[in-house]
Amino acid sequence: MNRISAAWARRPRPGIVADLGLLLVIALFLGVTGPYGTAREPVAARHLFWLFTIVAGGLIGLGIAAALRSRIRDRWVRALVAAGAMTPPVAFLVLAAMVLVLRHDHGFSGMIYLDLLWQVFVIALAMMSLLTLLRRPPRRIVETRTVIAPPLPHAEARFRRRLSAGRRTAALLALEAHDHYVRVHTDAGIELISLRFSDALAELSGAHGFRVHRSWWVSAEAIKAARWRRASGELELTDGSIVPISRSGAPALRSAGWL
């Protein structure tokens, strides 16, 4: 009993309130419908009987289920075991309520107690199932976000050495293929260097960027907005430039969360 009390005490308070609310609803429903012959009892006595047996029995069942949480991981199996374990003590409570609340004159009969066991188990199983369903854990929603870390200093070092001194430390925005040259877009202006576009891409393979078109490579940090309509799209860079997106360049941007 100490284990059950300790386990019950550790339960979060909002869960207890919801559990008690459901137990009261169940008690009210059974009081109105009057199963197992209780419909013949006086209205007030019938409702008091079900209120006492359902709330007290439900708290016993929840305490047992809480004590079993560390041993039985599956919540539905735990509900079934708790329903079976709570049946004997709850059947005794029902027998007591029949004598004290409904004023039955049979006393604490062993035969009636044994007959009550299956009836109590049916209600206990239904009650624990409803409580388990109510306390179902919420669906986990995992948010994914692409975090672009600043490029490592050495990732662009080799390529930057090709730029003039005034643009060597400037922010790299994009590369544009231009015949046998590469037009380098930086926040300090544009520079044309003699280099094949494929060689430029190889030198920037470790940098954070995307080849978005057969003639364009853009730095991830330079992207301000992306738009895709039907079979084509475009990027807006931080300097206001517009860069086309081809079909082959779209998957990388889509994986990064831009499209």
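Here are a few worked exercises on the model above.

This is a predicted model, where local features need pLDDT of at least 70, side-chain atom pairs count only at pLDDT 80 or more, and totals for chains, interfaces and linings use all residues. Residues are numbered from 1 along each chain as its sequence is written, and side-chain values use heavy atoms, with hydrogens and water left out.

**Exercise 1. Confidence**

Work out which residues have a pLDDT that stays under 50.

*Solution.* Start with the score itself: pLDDT is the predictor's confidence in each residue, from 0 to 100. The protein chain averages 84, and 87% of the residues score at least 70. Now look for the dip: residues 4-14 stay under 50, and the model gives them 16 contacts beyond four places in sequence (a contact being heavy atoms within 4.5 Å). Where pLDDT is low, the predicted coordinates should not be read in detail.

**Exercise 2. Helix α4**

Check the span of helix α4 (residues 75-100) against its end C-alpha atoms, then find where α4 bends.

*Solution.* Helices are DSSP runs of H or I, at least four residues, and strands are runs of E, at least two, numbered from the N terminus. The expected span is 1.5 Å times one less than the number of residues, so the 26 residues of α4 should cover 38 Å. The end C-alpha atoms sit 35 Å apart, which agrees.

Next, the bend, taken as the angle between axes fitted to the seven residues ending at a residue and the seven starting there. In α4 the bend is about 45 degrees at threonine 87, and proline 88 follows within four residues.

Finally, go to the start of α4: a side-chain oxygen of aspartate 74 comes to within 3.0 Å of the backbone nitrogen of tryptophan 76.

**Exercise 3. The sheet of 5 strands**

Trace the strand order of the open sheet of 5 strands and pick out its edges.

*Solution.* Two strands pair if DSSP finds at least two bridges between them. Following the pairs gives β3-β2-β1-β5-β4, with antiparallel pairing. The edges are β3 (189-194) and β4 (209-213), each pairing on one side only.

Now zoom in on β2 (residues 181-186). Strand β1 (residues 172-178) is joined to β2 by 6 bridges, and alanine 177 has valine 182 as its bridge partner in β2. β2 and β3 also pair in the antiparallel sense over 6 bridges. There, threonine 186 stands opposite glycine 189 in β3, and a hairpin of 2 residues joins β2 to β3.

Key: Polar contact = N/O pair within 3.5 Å; in protein donor to acceptor, adjacent residues only side chain to side chain.
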